[in-house]
Structure formats: structure tokens, C-alpha cells
Amino acid sequence: MEQCESIEHVSRLCQQCAEYRQRSPHPSRPHLPASVDLATWFDVHRLFESLKVAPVDDTSDANDPLLAVKAEALTDLCMYVRNAAAMDNSNQDVANGAGIIGDVRRTISDMVQHDVTCSKAMRCVTVSAQTLSNLVTGNRQLQQSLVEQELTTGVPALDTVFSSLLTSANSQTNTAGLVLLLNCLKDNPETTALLCRTEAGCLVANRVGVLFGNNEDDESDSKTMLYVILSQIIEYGELGILLSREPDMLAYGLLDALAVYCNEQSATTEYEQFISRDLIAALTRLLSSSHDVLVRSWENSTDAYSSESDIHGNVDIDDMMSAHRCLAAIVSIFGTLTTDGGAGIIDWILDCQAIHKVIALLGLLNKHLPQVSNARERQRNLPTSEADPDNAESVKRLFMFKCDLIRIIGNVGYKSTAAQDLVRELGGLALVLDHMKIDDNHPFIREYAVVALKGLLHNNSASQGFVREMSVVEAAQNPELARAGLQAFATDDGRVSVKRVAPDARTD
């Protein structure tokens with residue numbers, strides 16, 4: 001009898017919710033008033049309270065037996081609130097005064113626990129998220145209040161409305177969550193700072209980064225919203241703080257967004273407006289971590305190419321792919337900043353020892369992936385295990401990084417004697433010289449090296465002398481000269497020349 005009464009009671013509540021939906025303000029119903037009075041909002045609040053869903057019991061499979069019925073009723077109620085908030089902004093503050101924002105937040109938290117097993121709960125979550133978004137859109141005070149309540153009042157990081165929506169298995173719920181988050185952050189540096197400087201907020205922001213990095217549809221609305229959110233984080237200078245809290249190999253999405261953002265700026269942009277020393281330091285740390293992943297992947301190799309058949313070595317394949325993606329984004333970012341950024345950014349790159357990491361990485365790649373004069377012939381002769389297409393693609397990406405690293409080294413040294421000297425002392429000048437050769441793995445790498453060398457030698461007599469000495473040594477070690485009866489030597493002015501030697505002085 002009690003169960004029947006409960007069902008009858010819920011059925012009456014459902015009927016009232018359906019009636020509210022039918023008379024909600026809407027452009028198609030101009031005869032209905034758009035403004036909702038406080039008494040009506042309190043009645044709506046009463047219905048939300050009456051339709052609370054029993055909490056999930058982890059010790060039993062039995063949850064609220066009326067879940068689907070309540071989910072449908074709450075969906076109707078949220079539609080009323082959503083439409084009213086959209087039709088008249090004055091309804092936002094009045095509804096909040098009656099506790100409606102809190103009701104909708106609770107509805108999302110309750111229903112998201114069931115959105116995989118119950119289709120009506122899934123729809124309720126999506127509509128509730130849209131409702132919450134409408135309740136705060138354009139209302140800076142309510143936006144600030146919602147973000148503060150979710151991120152700073154002790155709500156478990158995984159249980160915030162934002163996190164629940166963005167981790168849902170329902171793509172529509174994810175989209176509704178993105179709209180809500182974007183509405184709360186748009187043109188608001190205060191809420192953006194809260195997102196990046198609180199534990200719960202960082203979890204949400206990092207989730208946005210992962211979604212952006214994994215979304216391959218550049219034309220989709222969700223990819224656009226993800227980028228708008230991340231570009232605002234970048235614009236307000238919060239990315240450095242966020243990256244300092246992000247696990248290294250999960251940062252590729254955030255880095256991808258920064259690479260795109262940097263490439264979209266014009267050459268006259270003041271990069272210092274969104275690039276900080278903290279951000280350069282974070283990028284340097286991530287570059288170092290990616291370098292370490294490559295070192296571990298090659299630590300058991302016995303020669304320059306032996307590791308290609310097992311390029312991932314002792315490293316998890318996911319970590320290796322993430323490291324490649326981080327590297328691709330970071331070298332793109334540093335390439336843009338060292339080309340278009342000002343002297344201040346170059347100073348930060350030097351101060352944070354980013355150029356040390358760039359040179360170390362180029363040295364590592366040069367050791368394990370040296371230039372070859374006939375890459376196609378070598379590929380045909382590879383054992384079957386070494387000719388794995390996935391591994392070949394992995395190696396190809398690493399070869400591409402070498403050009404970008406040479407570009408960064410050359411940019412940093414351009415018209416800076418101190419930077420040129422540092423590059424030479426770190427072995428960077430010798431590495432650039434070593435790429436002044438034809439390489440079938442990357443036919444244009446020699447051109448990158450030529451341009452970089454011009455910047456590294458500009459008005460630097462010490463580096464120019466170093467190159468002359470290197471040229472003599474390299475020429476002297478060339479067996480082709482010896483077989484031709486020639487010998488390299490340095491002239492009085494430091495130039496390299498050759499002379500013919502007697503047959504008995506030739507080297508076999």
C-alpha cells in the first residue's frame with residue numbers, strides 16, 4: 001500500500017512538472033508572460049525538493065525504483081526553468097533567490113551517476129546542464145558564485161558539476177558542460193584564475209586539454225569551444241600555472257592549444273602579454289621529461305639503428321606517443337617564440353636553460369638517428385621486424401623534430417654574442433655543423449642548418465674560428481680525399497684548402 005501511495009504521489013508531482021513545461025515562456029507562446037514571480041519559483045523549488053533521487057548505494061544494485069519517472073519529471077521542470085531564464089534575464093536572480101540554481105546543480109550530480117544505465121537520466125543531465133548555463137549566462141555575479149561554490153567550497157574534485165559533465169559518457173552532456181564552462185569563463189579573468197589555481201578547477205581544465213588533444217575534427221563545434229576555453233586560459237596568462245600542476249605526459253592537449261594560439265598571432269604581437277617566465281619554465285620541464293622518455297626508450301640500444309626495431313624500449317607505448325606529441329607542440333612553440341618573440345622571451349629561454357634541453361635533444365636524436373645517404377636502400381634491406389609501419393612512422397616524426405630543433409638553436413643565437421657563445425660551449429654549434437650534409441631522411445635539413453649557422457656565426461669571431469677548425473678536421477678525415485691523392489690543410493687566413501701529396505704519403 002505504501003509503495004502504491006508513493007507511486008501515486010510521484011505521479012502527481014510528474015503531472016505538475018509536465019504542466020510547468022507546457023506553460024513555460026517561449027517565443028512560440030507569446031501569450032504567456034516571460035517574467036516569473038517569486039511565488040512560482042518557490043513552487044518550482046518545492047517540486048525539485050520532492051523529486052530528490054535516492055543516493056547510489058555502492059553495496060547494492062538496487063537504487064531508486066522510480067528513477068526513470070523522476071528523471072522525466074525533473075527534465076520537464078528544468079525545461080521550464082531553462083526557457084524562463086532564456087526569455088527574461090530578470091528571472092535569473094529571482095530564481096536564484098528561491099534556490100533554483102542549487103536545485104539544478106543537485107539534479108546534475110544525482111542524475112549523472114545513472115546517465116549510462118538510464119536513458120532518461122542521460123537526457124535529464126543534458127537538459128539540466130543547459131538550464132544551469134541559461135541561469136548564469138550574462139550574469140557575472142551568478143557566474144562567479146557558481147564557480148566559487150563548485151571549486152572552492154570543499155566539493156570533491158571529481159564530483160563538481162563541471163567535472164561530472166565533461167567526464168560523462170554522453171557526448172551531448174559533454175557539449176552542454178562545455179557551454180556552461182565557457183559561459184562562466186568568457187571574458188572573466190577572475191573565474192579563469194579560479195579554474196587554474198584550485199585543485200578541482202585544474203582537474204576540469206586538464207580534462208578540457210585532453211578532450212582538445214584527442215579531438216581530431218577541427219571543424220566540430222566541440223573542438224571550437226574547447227579551443228576558445230583554452231585560448232582564454234592562455235590569454236589571461238594562467239597556462240604556466242596550470243602546466244606546473246599537470247602530469248607531464250598528459251599535457252599534450254594544452255600544448256597543442258598553445259602552439260595553435262602562438263601561430264595565430266601576428267609578428268608584431270607582444271607575446272609577453274601571454275607568455276611568462278613561469279610558462280617558459282614549465283615548457284622546459286616538459287621538454288626535459290619528453291627527452292627522458294626517449295632516453296629510456298633507447299637505453300638498451302647497441303648501435304645507432306639497433307633501437308629502431310624496438311624504439312619504445314622500456315617505455316609504455318602511450319607514454320611514448322604522448323612524449324612525441326608534447327615534443328611536436330613544444331618545438332613548434334619555441335620555434336614561433338624565438339622567431340617572432342622579443343628579446344625578453346629569448347632571455348627567459350636562456351635563463352630557464354631551455355636551450356640546454358634543445359641541444360641535448362638534438363644530440364640524442366643525432367646519435368640514434370644519424371643522417372644516411374640512401375635511406376630508401378637501407379629501408380629495403382631492413383629485417384621484417386624493423387620495417388614495422390608503426391615504428392617507421394615513429395622514427396619519421398623524430399627525424400622531423402631535428403629540423404625544428406636546429407631552427408630554434410639558430411634563432412636563439414641570432415645577433416646575440418652571449419647566446420652564440422653558449423650554444424658553442426654546449427655543443428650546439430658542432431651539432432648544427434654535423435647537419436650540413438645531404439640526408440635522405442630529410443632532404444631539406446641541410447638548408448635549416450645553413451640558415452641556423454648564419455645566425456650563430458654573425459659577428460662572432462670565436463665561433464667562426466671554431467667552424468674553420470671543424471672544417472679542417474672533417475676534411476682531413478675524409479677518405480675520398482686520400483684516395484684521390486689529396487690532403488686538406490688550413491691556410492694562414494684560416495680557410496680550408498687541399499694539396500696533392502706523393503703516392504707513398506697516401507692513406508689506404
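The tour of this predicted model opens at K415, which is exposed, with a relative accessible area of 56%. Select K415 and locate it in the loop between α20 (389–413) and α21 (417–425). Its backbone deserves attention, since K415 has a positive phi of about 60° although it is not a glycine.

**A second loop**

Next, select D187, in the loop that runs between α9 (171–185) and α10 (189–197). Here too the residue is not a glycine, and yet the phi of D187 is positive, at about 55°. With a relative accessible area of 49%, D187 is partly exposed.

**Where α10 meets α11**

Continue from D187 into α10, which begins at residue 189, and display helix α11 (residues 199–214) with it. Two packed helices are described by the angle between their axes and the distance between the axes. For this pair, the axes come within 5 Å and cross at roughly 90°. That angle makes α10 roughly perpendicular to α11. To view the contact itself, select L194, L195, C196 and R197 on the α10 side. They meet E199, G201, C202, V204 and A205 of α11.

**Helix α6 and its surroundings**

Now select helix α6, residues 119–136. A distance drawn between its end C-alpha atoms gives 27 Å. At 1.5 Å a residue, the 18 residues of this helix should span 26 Å, so the two values agree.

Which residues of α6 are buried? Colour A121, C124, V125, T126, V127, S128, A129, T131, L132, S133, L135 and V136 to see them. To find what they pack against, show α3, α4 (90–97), α5, α7 (140–151), α8 (161–166) and α9. Before leaving this region, select G138, which follows α6 and has a positive phi near 75°.

**Cysteines**

One of the buried residues of α6, C124, leads to the next stop, C78. How many disulfides does a search of the whole structure find? The count is 0. C78 accordingly takes part in no disulfide, and the nearest cysteine sulfur, that of C124, is 5.4 Å away. A disulfide requires the two sulfur atoms to be within 2.5 Å. C78 is buried, with a relative accessible area of 0%. Select C184 as well: this cysteine is buried, also with a relative accessible area of 0%.

**Salt bridges**

The tour turns to charged side chains. Across the whole structure, a search finds 13 salt bridges, and three of them can be visited individually.

Begin with R21 and D76, whose closest N and O atoms are 3.1 Å apart. R21 lies in helix α1 (residues 2–22) and D76 in helix α3 (residues 67–87), so the pair ties together parts that are 55 residues apart in sequence. Is each partner buried or partly exposed? R21 counts as partly exposed, at 33% relative accessibility, whereas D76 is buried, with a relative accessible area of 9%.

Move next to helix α5 (residues 100–111), which holds both D103 and R106. The two residues are 3 apart, about one turn of the helix, and they form a salt bridge in which the closest N and O atoms are 3.6 Å apart. D103 is buried, with a relative accessible area of 2%, while R106 is partly exposed, at 23%. Add E49 and K52 to the selection, for these residues are linked with D103 and R106 in a network of salt bridges.

The third pair is R277 and D351, with the closest N and O atoms 2.7 Å apart. R277 lies in helix α15 (residues 277–298) and D351 in helix α17 (residues 343–351), so this salt bridge ties together parts that are 74 residues apart in sequence. R277 counts as partly exposed, at 35% relative accessibility. D351 is partly exposed as well, with a relative accessible area of 47%.

**A last stop on α16**

Finally, select A328 in helix α16 (residues 317–340). At 35% relative accessibility, A328 counts as partly exposed. Add L287 and draw a line between the two C-alpha atoms: the distance is 10.0 Å, although A328 and L287 are 41 residues apart in sequence.

Methods
Residues are numbered from 1 along each chain as its sequence is written. This is a predicted model: local features need pLDDT of at least 70, side-chain atom pairs count only at pLDDT 80 or more; totals for chains, interfaces and linings use all residues. Side-chain values use heavy atoms; hydrogens and water are left out. Helices (H or I, at least four residues) and strands (E, at least two) are DSSP runs, numbered from the N terminus. Buried means under 20% relative accessible area, exposed over 50%, partly exposed in between (1.4 Å probe, protein chains only). A salt bridge is a side-chain nitrogen of Lys or Arg within 4 Å of a carboxyl oxygen of Asp or Glu. The expected span of a helix is 1.5 Å times one less than its number of residues. Contact means heavy atoms within 4.5 Å. Axes are lines fitted to C-alpha atoms, for helices over the stretch in contact, and angles run from 0 to 180 degrees between N-to-C directions. Angles under 35 degrees count as roughly parallel, over 145 as roughly antiparallel, 65 to 115 as roughly perpendicular and the rest as oblique.
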